[in-house]
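This report describes a single protein chain, from its overall make-up to selected residues. The sequence and the structure are shown first.

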Amino acid sequence: MAMSLPQQIGALSASPIAAESGSVSVEPKLATVNTSGTRRSLAGSLRSSSRSPSPPVSPRMGGIRPDLTAACEALMGAEEREYKEGWGAQAKGKGVPVYVMMPLDSVTMGNGVNRRKAMWASLQALKSAGVEGLMMDVWWGLVEREGPGEYNWGGYVELLEMAKKHGLKVQAVMSFHQCGGNVGDSCTIPLPKWVVEEIDRDPDLAYTDQWGRRNYEYLSLGCDTLPVLKGRTPIQCYSDFMRAFRDRFEHLLGDTIVEIQVGMGPAGELRYPSYPEQNGTWKFPGIGAFQCYDKYMLSHLKAAAEASGKPEWGSTGPTDAGNYNNWPEDTNFFRKEGGGWDGPYGEFFLGWYSQMLLDHGERILSSAKAIFEQRGVKISVKIAGIHWHYGTRSHAPELTAGYYNTRFRDGYLPIAQMLARHGAVFNFTCIEMRDHEQPQDAQCAPEKLVKQVALATRAAQVPLAGENALPRYDDYAHEQILQASSLNIDGDSGEDREMCAFTYLRMNPDLFQPDNWRRFVAFVKKMKEGKDANQCWEDVEREAEHFVHVTQPLVQEAAVALMH
């Protein structure tokens, strides 16, 4: 194209567009927009920045004039068709579809859409790049905030309609945990206030460590089946929430909403909150601490010890397992030679602790499966990628999180088998990491961990999906994701298996910076081509350069809008 998009629009309308630094134009009225061919341009230049986004404020309106809509549609229509027929196309049955996580605060505490205009522009940009869809946290603490059974779906109605209008699919996360206190948490969304009131009355509803420190990220699974929440059990609350979501969005299930990821613990993951970052309690690469000291967990432990004929094991968890920031060899329980983890008591305790987590997963999945069956959606569960001290014998950080994985025992196969019983997807993190990039003294081994999980899901015949654990925009991370998602285990490229999906962390201004966006566009293209693609990175990058040039105004608009 000889002229830029704004210049062409100006020429068609005989009305040049003046540049206004920082002004954006996005469509505020969702019901009246034709998204099939419309893309809005940015009048002004993008400020390239690697800093954190500033607090959200509404972008200034300006730039494109209302009477230029038809011209914009006409100019972008051809490129939209090119995208649909070429760039964004994905052959059926091959390749890995890419989803993008939405910002944690996409819905405000007032149940509206945050940065609505930026959201609209961002979704247009993602769709244009061939992204399959979005991952969206549906926060228990927002929707059922006011009282039991009082559901306010507010901003989610609008967000899901936005996704539908752009032709983007949605992975909806039933987020029964608190936002705030974990890696990447950029805002705070507590549990529903009536739940917090119940915890204040009975602090043992919160996970507790051996020093009496309470964790308010997620309710203790020890009280799963007890009517401790104003007459309902936690499992009933989770089930009622999912049922209300199903009923409110029934018309979108199977079409726009294609997956329900069921939150099962802190950060939405099936695990104990053994490594809480809040208040500096834990720092990487500490081993974490067992979370079994609330009265409900201790009651279960006591019963299990008595059933095993060892009642003396039922009064407490291990007392020699160190502190959150110890390393395995600092402790008697986790040390490689003669550690308690490898003795009769350790086997009993770790078996009980991990089984409690599996039973928690069974209870929630049984409910989710019944609620969403025959609705055309997948059910998925997120498992944490705990890769530090993986090279030790005890795998201490995995043990404290509830994954009974040691040098002598596969802790991920039982999880995969549990998911298989319910037809659920195994969603795993840290897919982007390489062993040599991590601290070697902490014996980090994310690649080996991902391989173990891939083998476990293959054995259990469970679909495997992936996420990156930390924001990465470089080709090294992208190449690692491509390699991991191909599931070429032991170099077996002939295996007819790939990850069923990959979710990219996260939609933010950095993603839309020119170099990052170009690399991301090429990455999405390679993922969609699948393991049998023979096009080299350089060719895809060249295609991406052209595509990025054509769509530059749209992407600039998204980036600037998200910065404000």
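A residue counts as buried when its relative accessible area is under 20%, and as exposed when that value is over 50%. Cysteine 430 has a relative accessibility of 0% and is therefore buried. The model in which this residue is seen is a predicted one.

**Overall make-up**

The protein chain contains 16 helices and 10 strands. Of its 564 residues, 60% are buried. Among the contacts in the protein chain with a separation of 6 or more, 78% are between residues 24 or more positions apart. The chain exposes about 21600 Å², and carbon and sulfur atoms supply 49% of that area.

**The annotated active site**

An unreviewed UniProt entry places the feature "active site" at Glu269 and Glu467. These positions span 199 residues in sequence, yet no two of their C-alpha atoms are more than 12.3 Å apart, so they gather at one spot.

Glutamate 269 belongs to the loop between strand 6 (257-262) and helix 8 (295-307). Its relative accessible area is 7%, and glutamate 269 is therefore buried. Beyond the residues up to four places away in sequence, glutamate 269 touches Met264, Tyr275, Lys382, Ala384 and Thr429.

Glutamate 467 is placed in strand 9 (residues 464-467). With a relative accessible area of 1%, glutamate 467 is buried. Its contacts, leaving aside neighbours within four places in sequence, include Met101, Gln261, Lys382, Thr429, Cys430 and Phe502. Lys382 and Thr429 thus appear among the contacts of glutamate 269 and among those of glutamate 467. The side chains of glutamate 467 and lysine 382 also make a polar contact, at 3.1 Å.

**Backbone exceptions**

Most residues other than glycine have a negative phi, and most peptide bonds are trans. Cysteine 430, a contact of glutamate 467, has a positive phi near 65 degrees. Cysteine 430 lies in the loop between strand 8 (425-428) and helix 12 (446-460). Glutamine 461 likewise has a positive phi, of about 55 degrees, although it is not a glycine. The loop between helix 12 and strand 9 holds glutamine 461. At a relative accessible area of 72%, glutamine 461 is exposed, whereas cysteine 430 is buried.

Two cis peptide bonds may be added here. One runs from phenylalanine 284 to proline 285, with omega near 5 degrees. Proline 285 is in the loop between strand 6 and helix 8, and glutamate 269 is found in the loop between these elements. Another cis bond joins leucine 505 and arginine 506, with omega about 0 degrees. Arginine 506 sits in the loop between strand 10 (501-504) and helix 14.

**Aromatic residues**

A search of the whole structure yields 40 aromatic pairs. Tryptophan 140 and tryptophan 194 form one that is edge-to-face, with 6.2 Å between the centres and 90 degrees between the planes. This pair links distant parts of the chain, since tryptophan 140 is in helix 4 (residues 140-143) and tryptophan 194 in helix 6 (residues 193-201), 54 residues apart. Both tryptophan 140 and tryptophan 194 are buried.

One aromatic cluster includes Tyr207, Tyr272, Phe290, Trp313 and Phe333. Lysine 310 lies over the face of tryptophan 313, at 5.3 Å from the ring centre. Elsewhere, the charged end of arginine 248 sits over the ring of phenylalanine 249, 5.4 Å from its centre.

**Further selected residues**

The table lists the place and accessibility of three other residues.

| Residue | Place | Relative accessibility |
|---|---|---|
| Valine 228 | loop between strand 5 (214-219) and helix 7 (234-248) | 17%, buried |
| Glutamate 479 | helix 13 (residues 475-485) | 33%, partly exposed |
| Asparagine 516 | helix 14 (residues 514-529) | 14%, buried |

Valine 228 touches Glu198, Leu205, Cys223, Pro234 and Tyr296, residues up to four places away in sequence not being counted. Valine 228 and leucine 205 are 23 residues apart in sequence, and their C-alpha atoms are 8.2 Å apart. For glutamate 479, the C-alpha atom is separated by 8.2 Å from that of phenylalanine 523, 44 residues away along the chain.

Asparagine 516 touches Tyr473, Asp510 and Leu511, again not counting residues up to four places away in sequence. A polar atom of the asparagine 516 side chain lies 2.8 Å from the backbone oxygen of aspartate 510.

How values were computed. Residues are numbered from 1 along each chain as its sequence is written. This is a predicted model: local features need pLDDT of at least 70, side-chain atom pairs count only at pLDDT 80 or more; totals for chains, interfaces and linings use all residues. Side-chain values use heavy atoms; hydrogens and water are left out. Helices (H or I, at least four residues) and strands (E, at least two) are DSSP runs, numbered from the N terminus. Buried means under 20% relative accessible area, exposed over 50%, partly exposed in between (1.4 Å probe, protein chains only). Contact means heavy atoms within 4.5 Å. Rings of Phe, Tyr and Trp (its six-membered ring) pair if their centres lie within 6.5 Å; planes under 30 degrees apart count as stacked, over 60 as edge-to-face and the rest as tilted. A charge sits over a ring if NZ of Lys or CZ of Arg is within 6 Å of the ring centre and within 35 degrees of the ring normal. Accessible areas come from the Shrake-Rupley method with a 1.4 Å probe; for residues, only the protein chains shown count as cover. UniProt positions are given in the numbering used here, feature names are shortened, and annotations may be inferred rather than shown by experiment. A polar contact is a pair of N or O atoms within 3.5 Å; within protein, one must be able to donate a hydrogen and the other to accept it, and residues adjacent in sequence count only if both atoms are side-chain atoms.
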